[in-house]
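Here's a quick tour of one protein chain, going from a pair of rings out to the fold around them. Have a look at the model first.

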Amino acid sequence: MATGFPASTGDVLSAPMFNELVQFTINTQSGTTYTLASTDQYQVLVLTSNASAKTVSIPTDATTNFGIGTAITILNTGTADTTIQAVTAGTTTVTSAGATSAQPKVGQHKAAVCIKTAANTWRVVGAVS
């Protein structure tokens, strides 16, 4: 994670910390499943790289309460699609391309951003199908 995040009142932002804010920290996930964690916010790129189909799951607020406005970027470099879904579909809503709950897929060399817009509500935008 880029240093300087999250900051607290009274923290001083040094030049090296400031310079790191313009680049992503890479979180490479080479398995077939991964659940987003609090360490995936703040300039982190979740890179999925398995040749098999992969699933990235978004946890409920009860498990990991990301702040509203959190944006998490996922880049798929594996040959098979990466599916983005809720860990608990009845509790967490993931939508893309409209207001319908979905499990969007990210193809090889494509990226998508998961944006938390309300409690247990995420929108996925980018190169999804």
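Rings of Phe, Tyr and Trp (its six-membered ring) pair if their centres lie within 6.5 Å, and planes over 60 degrees apart count as edge-to-face. Bear in mind that this is a predicted model.

So how many aromatic pairs does the structure hold? There's one aromatic pair here. It's made by Phe-66 and Trp-122: the ring centres are 5.4 Å apart and the planes sit at 90°, so this is an edge-to-face pair. The two rings come from distant parts of the chain, 56 residues apart. Phe-66 sits in the loop between strand S4 (54–58) and strand S5 (71–76), while Trp-122 belongs to strand S10 (residues 121–126). Are these two residues buried or exposed? Both Phe-66 and Trp-122 are buried.

Now for the fold. The chain has one helix and ten strands, and along the sequence the helix leads, with the pattern α-β-β-β-β-β-β-β-β-β-β. Four of the strands make an open sheet, ordered S2-S4-S6-S8, with mixed pairing. At its edges are strand S2 (33–35) and strand S8 (105–106), each of which pairs on one side only. Further in, S4 runs parallel to strand S6 (residues 82–86), and five bridges join the two. If you want a spot to zoom in on, Lys-54 stands opposite Thr-82 in S6.

Here are some of the strands mentioned in this report, with their residue ranges:

| Strand | Residues |
|---|---|
| S1 | 25–29 |
| S2 | 33–35 |
| S6 | 82–86 |
| S8 | 105–106 |
| S10 | 121–126 |

Gln-29 is worth a look too. This residue is in strand S1. Why does Gln-29 count as buried? Its relative accessible area is 18%, and buried means under 20%. The side chain of Gln-29 makes a polar contact with the side chain of Asn-27, at 2.6 Å. Setting aside neighbours within four places in sequence, Gln-29 is in contact with Tyr-34, Val-46, Leu-47, Thr-48, Ser-49 and Asn-50.

Finally, some totals for the whole chain. Of its 129 residues, 36% count as buried. The chain exposes about 6600 Å², with carbon and sulfur atoms supplying 55% of that area. And among contacts with a separation of 6 or more, 56% are between residues 24 or more positions apart.

Notes
Residues numbered from 1 in each chain as written. Predicted model: local features only at pLDDT ≥ 70, side-chain atom pairs only at ≥ 80, totals over all residues. Heavy atoms only, no water. Phe/Tyr/Trp six-rings, centres within 6.5 Å; stacked < 30°, edge-to-face > 60°. Buried < 20%, exposed > 50% of the residue type's maximum accessible area, 1.4 Å probe, protein only. Contact = heavy atoms within 4.5 Å. Areas by Shrake-Rupley, 256 points an atom, 1.4 Å probe, with all protein chains shown as cover. Pairing = 2+ DSSP bridges. Polar contact = N/O pair within 3.5 Å; in protein donor to acceptor, adjacent residues only side chain to side chain.
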